[in-house]
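Okay, thanks for coming, everyone. I'd like to walk you through one protein today, so please have the viewer open.

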Amino acid sequence: MVMKRVYLAALIFALFAIGSAAQNAPPAFYAESFRKSPIHITEDKFEVKLTPENPVYKQRLRDPSGVERFELTILPRRPEGGANNQITSWEMSVQDLRYKVYGNLLQFDREASQDPKDNLYWLNPVPSAVVPIYSRRMIKIDGFYFVAQVKDFRVAPPTPYLDWMTVQLELTNRDPRAEAQ
């Protein structure tokens with residue numbers, strides 16, 4: 001009888017823990033670019049650590065034949081007139097090297113918006129951000145997917161400015177939504 005109660009208590013605790021973990025998991029967001037060509041990308045998965053000393057990240061992205069097709073850039077956002085170490089957030093950009101007129105393929109609307117898909121490019125740590133900072137961001141561009149997720153960050157107290165941010169990036173030709181299930 002005692003073993004049944006212990007087993008039942010353990011089962012209830014496990015179900016509660018699973019439910020709590022599911023509630024605390026950051027949301028995932030998915031969007032598709034207007035670009036629908038079959039261009040694939042060389043797959044890669046890596047982390048980038050951004051700091052006030054190293055606030056910019058740039059990488060050329062190649063197609064499977066080795067041709068540079070896109071440029072990935074992460075740039076800091078600072079208050080107007082702010083110093084170099086006053087970073088409030090970071091913005092990600094993927095640009096087509098052949099057709100720069102398209103601009104940032106991760107940014108769907110140039111105007112301020114409350115639509116999450118319009119904010120997937122912006123790594124904004126404020127609690128009121130449209131896309132919560134730890135959210136998984138998945139964007140389909142042409143025939144490949146760009147996936148980004150902030151793994152950790154730190155604000156430099158007592159200021160509101162970021163001390164560092166670590167972002168996990170993935171470039172894949174397979175739908176990341178299917179892999180998450």
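I'll start with the overall layout, then go through the sheets, the aromatic rings and two single residues.

One thing up front: this is a predicted model. The protein has 2 helices and 9 strands. Reading from the N terminus, the order is α-β-β-β-β-β-β-β-β-β-α, so to speak a run of strands with a helix before and a helix after. There are 181 residues, and buried ones make up 40% of them. If you take the contacts between residues at least 6 apart in sequence, 54% of those join residues at least 24 apart. As for the surface, about 10,700 Å² is exposed, with carbon and sulfur atoms supplying 56% of it.

Now, the sheets. Let's take the one with 5 strands: it's open, the order is 1-7-8-9-2, and the pairing is mixed. Which strands stand at the edges? That's strand 1, residues 28-32, and strand 2, residues 44-50; each has a single partner strand, so one side of each has no neighbour in the sheet. The twist from one strand to the next averages 15°. Inside this sheet, strand 7 and strand 8, residues 144-155, run antiparallel and are joined by 6 bridges. If you want a spot to click on, Arg136 stands opposite Gln149 in strand 8.

Then there's an open sheet of 4 strands, in the order 3-4-5-6, with antiparallel pairing. Here strand 3, residues 57-62, and strand 6 are at the edges, and each of them has a single partner strand, so again one side is left without a neighbour in the sheet. Strand 3 pairs with strand 4, residues 68-77, in the antiparallel sense, over 6 bridges. Arg60, for instance, has Glu71 in strand 4 as its bridge partner.

Okay, aromatics. Searching the whole structure turns up 5 aromatic pairs. Take Phe46 and Tyr57: the ring centres are 6.1 Å apart and the planes are at 35°, so we call that pair tilted. It links distant parts of the chain, since Phe46 is in strand 2 and Tyr57 in strand 3, 11 residues apart. Phe46 counts as buried, at 15% relative accessibility, while Tyr57 comes out at 21% and counts as partly exposed. Another tilted pair is Tyr99 and Tyr102, with centres 6.1 Å apart and planes at 55°. Tyr99 is partly exposed at 47%, and Tyr102 is partly exposed too, at 36%. Ring pairs also bring in Phe34, giving a cluster of Phe34, Tyr99 and Tyr102.

Let's zoom in on Thr172, which is in strand 9, residues 162-172. Is Thr172 buried or exposed? Buried, with a relative accessible area of 1%. What does its side chain do? There's a polar contact of 3.1 Å to the side chain of Glu43, and a polar atom of the Thr172 side chain lies 3.1 Å from the backbone nitrogen of Arg174. Beyond its neighbours within four places in sequence, Thr172 is in contact with Ile41, Glu43, Phe144 and Tyr145.

Last stop, Val130, in the loop between strand 6 (122-123) and strand 7 (136-141). Val130 is partly exposed, at 22% relative accessibility. Setting aside residues up to four places away in sequence, Val130 touches Ser113, Gln114, Asp115, Pro116 and Asn119. Asn119 is 11 residues away from Val130 in sequence, and the C-alpha to C-alpha distance is 7.0 Å.

That's my tour, thanks.

How values were computed
Residues are numbered from 1 along each chain as its sequence is written. This is a predicted model: local features need pLDDT of at least 70, side-chain atom pairs count only at pLDDT 80 or more; totals for chains, interfaces and linings use all residues. Side-chain values use heavy atoms; hydrogens and water are left out. Buried means under 20% relative accessible area, exposed over 50%, partly exposed in between (1.4 Å probe, protein chains only). Contact means heavy atoms within 4.5 Å. A polar contact is a pair of N or O atoms within 3.5 Å; within protein, one must be able to donate a hydrogen and the other to accept it, and residues adjacent in sequence count only if both atoms are side-chain atoms. Two strands pair if DSSP finds at least two bridges between them. Accessible areas come from the Shrake-Rupley method with a 1.4 Å probe; for residues, only the protein chains shown count as cover. Axes are lines fitted to C-alpha atoms, for helices over the stretch in contact, and angles run from 0 to 180 degrees between N-to-C directions. Rings of Phe, Tyr and Trp (its six-membered ring) pair if their centres lie within 6.5 Å; planes under 30 degrees apart count as stacked, over 60 as edge-to-face and the rest as tilted.
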